[in-house]
Amino acid sequence: MPSKKPEFLRFNTIKEYINTAFGMRSSKGYVEKFTREFNSEIKNTLADAVKTAKDNKRNTVLEADVELAIEKHLGKKHL
């Protein structure tokens, strides 16, 4: 496991998107919390998908592994 916290979503990307897509400004605290929470959820979801693959004695993560992990962490979605 990498020791550094991964940045899947970056502060500036979210801040710029809110400004461009919605024409609104956003507070630093809001964007930091948003990116921190979603980066954590992405990390946990990926870890569960990898665990499922390893539990099934595979070294490849499949779409089904990801679907199970997403359902567990984010709820049932039709992908």
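Immediately after helix H1, Gly-23 adopts a positive phi of about 65° in this predicted model. The helix that precedes this glycine, H1, comprises residues 11–22, and its 12 residues reach 16 Å from the first C-alpha to the last, close to the 16 Å expected at 1.5 Å a residue. Further along, in the loop between H1 and H2, lies Ser-26, which has a relative accessible area of 15% and therefore counts as buried, the cut-off being under 20%. When residues up to four places away in sequence are set aside, Ser-26 touches Lys-15, Ile-18 and Val-31; of these contacts, Lys-15 and Ile-18 fall within the residue range of H1, whereas Val-31 falls within that of helix H2, residues 28–55.

Helix H2 also carries Phe-34, for which the relative accessible area is 26%, so that this residue is classed as partly exposed. Leu-9 and Ile-14 are touched by Phe-34, again not counting residues up to four places away in sequence. A separation of 24 residues in sequence lies between Phe-34 and Arg-10, and their C-alpha atoms are 9.9 Å apart in space.

Arg-10 and Leu-9 recur in the lining of the largest pocket, which holds about 260 Å³ of space. The lining further includes Lys-5, Pro-6, Glu-7 and Phe-11, together with Thr-35, Arg-36, Asn-39, Ser-40, Lys-43 and Asn-44. Helix H2 gives the most to this lining, with 6 residues. By residue class, the lining of the largest pocket divides into 3 nonpolar, 4 polar and 5 charged residues.

At the level of the whole protein chain, the secondary structure comes to 3 helices and 0 strands, and the elements run α-α-α from the N terminus on. The radius of gyration of the chain is 15 Å, well over the 12 Å that the globule rule gives for 79 residues, and the chain is therefore more spread out than a compact globule. Taken along the principal axes, the C-alpha atoms fill a box of roughly 45 × 35 × 15 Å. Of the 79 residues of the chain, 16% count as buried, and Ser-26 is one of the buried residues. Among contacts between residues at least 6 apart in sequence, 42% join residues at least 24 apart.

Technical notes: Residues numbered from 1 in each chain as written. Predicted model: local features only at pLDDT ≥ 70, side-chain atom pairs only at ≥ 80, totals over all residues. Heavy atoms only, no water. Helix = DSSP H or I, 4+ residues; strand = E, 2+ residues; numbered from the N terminus. Expected span 1.5 Å × (residues − 1). 1 Å grid on protein atoms, 1.4 Å probe; cavity = no way out; pocket = protein on both sides within 12 Å on 5 of 7 lines; lining within 4 Å. Points joined across faces, edges and corners; volume = space filled by probe spheres on them. Nonpolar A, V, L, I, M, F, W, Y, C, P; charged D, E, K, R; others polar. Buried < 20%, exposed > 50% of the residue type's maximum accessible area, 1.4 Å probe, protein only. Contact = heavy atoms within 4.5 Å. Rg over C-alpha atoms; globule rule 2.2 N^0.38 Å.
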